[in-house]
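Trainee: I would like a close look at one part of this model. Please start from a single side chain and work outward from there.

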Amino acid sequence: MSDVSEDKLVVVTGAAGMLGSALMALAPKSVRAVGVDIAEGDLSTQEGITSALGPYIPEVVIHCAGYTDVEGATNQPELANRHNAVATENVARFCAEVGARLVYISTDYVFNGMKGEPYTEEDRPNPINAYGRSKLAGEQAAQEITPDCLIVRTQWLFGLLGRNFVEAIIRRARQGGKLQVITDEVASPTYSQDLGGALWEIVARPVSGIVHITNSGYCSRAELARVALDAAGLADVPITEITSADWDSPTQRPAFSVLDNRRWQQLGFTPLQPWQEAVGEYVQSCLAVR
Ligand SMILES: NC(=O)c1ccc[n+]([C@@H]2O[C@H](COP(=O)([O-])OP(=O)(O)OC[C@H]3O[C@@H](n4cnc5c(N)ncnc54)[C@H](OP(=O)(O)O)[C@@H]3O)[C@@H](O)[C@H]2O)c1
């Protein structure tokens, strides 16, 4: 039985961003999807909640809004905390008040990346950077205020309307820049279109708790760059492989943060397409030179 009844209202926050915009574009006909972003109100403030969400009594809020600049979060942890933790707390309170179901989008960066095998939903989070800590605080607020919420963790998103690694590598290669790519960060690249479709599927069912959703398979940043360049017809562009120790960044990132999609499959959902196919699809439809 569907948990989202005909013509019921679903509010998508962060609707101008990479995932939110994909969700809006993919909204099924059976729901009325309304997108809000920072222009409608800053969700980290009560005034913002009132102006952005106040006009609605939704059945579901898919909360994609967030501070997603991982390096920026290291420099300004309080800003990341405001937009990821405080805003989520506010959105959760709004959901509790109006009786809406909260779906919060979270990240593999809640893990330290040292497990050595894919992380399941039962694994204990232990973030190693400010972004991960702020997203984990968001998860905790969501679970505390709206115990029946759904938390969807994903990783390495690429897609339209957002800064992403695949687009950046191809742009740099086309500009003739030198490509140095890290080999010792491994995860599952995930296409915003594929995740968007998956989110609408899971929102239609009464699932709560934590679910990891990514494209199938995993790779290092260097492997991702290679596949992206090949898909863009730039197979002859050389890549210099380096390790994270050679990369001058104050932000520590998890080394192996692959998310196990076991629960997604146990719930009867079809695994998302392999990341290589998703990259090919994205490059052809969004980044091809015509
Ligand atoms: N990108 C990834 O690789 C990745 C991986 C795992 C999980 N996630 C999570 O997935 C979600 C969507 O990511 P995304 O890449 O689609 O993000 P995005 O492209 O950066 O979009 C996020 C949107 O939220 C808005 N926003 C930020 N703070 C807000 C606030 N306080 N009130 C209202 N709007 C606010 C942003 O506006 P401004 O641009 O004006 O700030 C932006 O339009 C995020 O929660 C992120 O943490 C992302």
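Is glutamate 139 buried or exposed?

Mentor: Glutamate 139 is buried. Keep in mind that this is a predicted model. The relative accessible area of glutamate 139 is 2%. The cut-off for buried is under 20%, so that value qualifies.

Next, its setting. Glutamate 139 sits in helix α5. Set aside the neighbours within four places in sequence, and its contacts are Tyr104, Ser106, Val110, Ile151 and Arg153.

Helix α5 leads on to the ligand. Helix α5 spans residues 130-145, and it is one of the elements that give two or more residues to the shell around the ligand. The others are α1 (18-26) and β4 (101-107). Strand β4 gives the most, with three residues. The ligand has 24 residues around it. Those that come nearest are Leu19, Thr68, His83, Tyr131 and Lys135.

Now the polar atoms around the ligand. In the side chain of threonine 68, an N or O atom is 2.7 Å from a ligand oxygen. For histidine 83, a polar side-chain atom lies 2.7 Å from a ligand nitrogen. Glycine 66 uses its backbone: an N or O atom there lies 3.4 Å from a ligand oxygen. On its own, the ligand has 900 Å² of accessible area, and the protein covers 80% of that.

Compare glutamate 139 with another glutamate. Glutamate 89 lies in helix α4, residues 77-98. Its relative accessible area is 29%, so glutamate 89 is partly exposed. Beyond four places in sequence, its contacts are Ala141 and Ile145. Sequence separation says little about distance here. Glutamate 89 and glutamate 71 are 18 residues apart in sequence, and their C-alpha atoms are 23 Å apart in space. Set that beside alanine 173 and leucine 234. They are 61 residues apart in sequence, with 7.6 Å between their C-alpha atoms.

Alanine 173 belongs to helix α6, residues 165-174. Its relative accessibility is 10%, so alanine 173 counts as buried. Its contacts outside the four-place window are Leu179, Leu229, Leu234 and Val237. Leucine 234 is thus both the distant sequence partner and a contact.

Turn to the loop between β5 and β6. Strand β5 covers 150-154 and strand β6 covers 157-158. Ile151 and Arg153, among the contacts of glutamate 139, appear here again. Glutamine 155 is found in the loop. At 2% relative accessibility, glutamine 155 is buried. Its side chain reaches the backbone nitrogen of leucine 259 at 3.2 Å. Its contacts beyond four places in sequence include Asp108, Thr214 and Leu259. Ala187, Ser188, Pro189 and Thr190 are also among them, as are Ser257 and Val258.

Tryptophan 156 is in the loop too. Its relative accessible area is 11%, so tryptophan 156 is buried. Look at its backbone. Phi of tryptophan 156 is near 40 degrees, which is a positive value in a residue other than glycine. Then look at its ring. The charged end of arginine 221 sits over the ring of tryptophan 156, 4.0 Å from the centre. That charged end sits over a second ring as well: phenylalanine 165, at 5.1 Å from the ring centre.

Rings also pair with rings. The count of aromatic pairs is seven. One is phenylalanine 111 with tyrosine 119: the centres are 4.1 Å apart, the planes 10 degrees apart, and the pair is stacked. Both of these residues, phenylalanine 111 and tyrosine 119, are buried. Another pair joins tryptophan 264 and phenylalanine 269. Their ring centres are 4.2 Å apart and their planes are at 15 degrees, so the pair is stacked. The cut-off for stacked is under 30 degrees between the planes. Tryptophan 264 and phenylalanine 269 are both buried. Finally, ring pairs link Phe158, Tyr191 and Tyr282 into a cluster.

Back to your starting point. Glutamate 139 is buried at 2%, and helix α5 is where you find it. From there, α5 takes you to the ligand shell, and the contact with Arg153 takes you to β5.

Notes:
Residues are numbered from 1 along each chain as its sequence is written. This is a predicted model: local features need pLDDT of at least 70, side-chain atom pairs count only at pLDDT 80 or more; totals for chains, interfaces and linings use all residues. Side-chain values use heavy atoms; hydrogens and water are left out. Rings of Phe, Tyr and Trp (its six-membered ring) pair if their centres lie within 6.5 Å; planes under 30 degrees apart count as stacked, over 60 as edge-to-face and the rest as tilted. Buried means under 20% relative accessible area, exposed over 50%, partly exposed in between (1.4 Å probe, protein chains only). A charge sits over a ring if NZ of Lys or CZ of Arg is within 6 Å of the ring centre and within 35 degrees of the ring normal. Helices (H or I, at least four residues) and strands (E, at least two) are DSSP runs, numbered from the N terminus. A polar contact is a pair of N or O atoms within 3.5 Å; within protein, one must be able to donate a hydrogen and the other to accept it, and residues adjacent in sequence count only if both atoms are side-chain atoms. Contact means heavy atoms within 4.5 Å. A residue is near a molecule or strand if one of its heavy atoms lies within 4 Å of it. Accessible areas come from the Shrake-Rupley method with a 1.4 Å probe; for residues, only the protein chains shown count as cover.
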